[in-house]
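Reader: Hey, got a minute to walk me through this one? I'd like to start with what you count as a contact.

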Amino acid sequence: MTEYGPGPVDRRLPTDEARQLMTLVRDLAAREIAPRAAAEEAAGHFPRELFTLLSESGLLGLAYAEEFGGGGQPYEVYLQVLEELAAARLTVGLGVSVHTLSCHALAAYGTKEQRAEHLPAMLGGGLLGAYCLSEPVAGSDAASLTTRATRAGGDWVLDGTKAWTTHGGVADFYTVLARTGGAGAHGITAFLVPGDAEGLSAAPPERKMGMKGSPTAQVHFDGVRIGDARRIGEEGQGFAIALAALDSGRLGIAACAVGVAQAALNEALAYMTTRRQFGRPLADFQGLRFMLADMATQLAAGRSLYLTAARLRDEGRPFTKEAAMAKLFCTDMAMRVTTDAVQLLGGYGYTADFPAERYMREAKALQIVEGTNQIQRMVIARQLTGPEGR
Ligand SMILES: Cc1cc2nc3c(=O)[nH]c(=O)nc-3n(C[C@H](O)[C@H](O)[C@H](O)COP(=O)(O)OP(=O)(O)OC[C@H]3O[C@@H](n4cnc5c(N)ncnc54)[C@H](O)[C@@H]3O)c2cc1C
């Protein structure tokens, strides 16, 4: 390894086990994930078998307890793994983050019996999850959702349409928030629905700007019948469960954003040392050197912010505000850094022959998912001042 240049990110990891894990992840990302990324993203191909490989490698349940087949790793380690996966390909990093999000409700609120029955397969048995909160007319205002779950004897029957479901149509299980009571947040309950349930179907994937390999689709529930044993938590507790999952999920999005930004910086740096203009490498021009310095500084600040939030979580302390700050800052940072990377590659940056334009399109999604950055500002402000309209 040269003294200069990107090289692997120099991470502070808490244990030898975590350092070994990181070596495994980097190797897997370089061999199995990155080489296929450009072609498969251009073709809109979802790499389902990569998720099977990740599951077999213990990377789909890293942040959960070993007792149920998880990896027992602290969040600060899990998120840095996620960052490496996202740097290789966002569809994979985000996919792992969404899968982790979809396991949260059961892992944190399920009964002992529910966890023993379902979690091992979810965390390390090859299954892939999806998280169904958003609906066509209930986006940022998710508490206005209308998908209904109605009691039918000892069962529940689900009817309605979920929107924007990552892994919609390819998931093996869906964590679904549905209305069981009156209007508002207190009328919502969480359920775990198997992907092959009768009456569950997915629309064709949305035609997105980026992450074309990651299927995002509407999921229809047409009289889907499930037992009460698949209700997670108490009736009416679903929205609180959904928000708790999102606190952790947002940290995953922040880590993914840092991964995409790091990939873009690496790309720009490599280009600038070889591309020459006016008889010198681009990397010699002070205006561009300052851009690189700003990109690297913002990236390091983003990484520090998500790690601070993760360490609070690992210590069992409140981290809602810090998670929202990390999501807001890291995804806005990724948008700036990837846009600058395109600029630094000049005309070539605007072509699909280099990955910079893909990173820029991918970064945009991260400012929107799991609560837009406007919603993150609302979360942060509420933590600072208390709720509006008191
Ligand atoms: C690629 C992708 C993957 C996704 N995956 C999932 C998934 O797996 N599961 C899932 O449940 N959802 C998923 N989503 C949905 C995502 O969470 C929503 O798109 C997001 O919450 C915003 O909702 P909306 O699109 O309906 O926008 P809207 O809520 O209609 O917002 C439109 C604009 O208005 C702004 N806005 C809205 N209300 C306010 C306000 N009070 N103050 C200020 N600004 C406001 C928003 O920030 C936004 O800029 C995904 C979305 C995308 C694009």
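Author: Sure: contact means heavy atoms within 4.5 Å. This is a predicted model, where local features need pLDDT of at least 70, side-chain atom pairs count only at pLDDT 80 or more, and totals for chains, interfaces and linings use all residues. Residues are numbered from 1 along each chain as its sequence is written, and side-chain values use heavy atoms, with hydrogens and water left out.

Reader: OK, so what is T273 in contact with, leaving aside neighbours within four places in sequence?

Author: P281 and A283. T273 and A283 are 10 residues apart in sequence, and their C-alpha atoms are 5.4 Å apart in space.

Reader: And which helix is T273 found in?

Author: Helix α6, which covers residues 238–274. Helices here are DSSP runs (H or I, at least four residues), numbered from the N terminus.

Reader: How do the axes of α6 and α4 cross?

Author: At roughly 160°, and the axes come within 9 Å; α4 is residues 90–109. Axes are lines fitted to C-alpha atoms over the stretch in contact, with angles from 0 to 180 degrees between N-to-C directions. The two helices are therefore roughly antiparallel, a label for angles over 145 degrees. The crossing is right-handed, meaning the near helix is turned clockwise from the far one by less than a right angle.

Reader: Which residues meet there?

Author: On α4, they include L90, L94, L101 and Y109, and on α6, I241, L246, I253 and V260 are among them. By class, the α4–α6 contact has 13 nonpolar, six polar and no charged residues. Nonpolar covers Ala, Val, Leu, Ile, Met, Phe, Trp, Tyr, Cys and Pro; charged is Asp, Glu, Lys and Arg; the others, Gly among them, are polar.

Reader: What about α6 with α8?

Author: Helix α8 is residues 320–344, and its axis and that of α6 come within 8 Å, crossing at roughly 20°. That makes α6 roughly parallel to α8, the label for angles under 35 degrees. Their contact has 19 nonpolar, three polar and three charged residues.

Reader: Switching topic: how is the chain divided into domains?

Author: Domain 1 is 16–124, domain 2 is 129–239 and domain 3 is 243–385, with bounds from an automatic or database domain assignment.

Reader: How much do domain 1 and domain 3 bury between them?

Author: About 1,900 Å², 65% of it on carbon and sulfur atoms. Buried area is the accessible area (1.4 Å probe) lost on putting two parts together, summed over both. Y75, E83 and L90 supply 32% of the area that domain 1 buries against domain 3, more than any other three residues.

Note on methods
Parallel < 35°, antiparallel > 145°, perpendicular 65-115°, else oblique.
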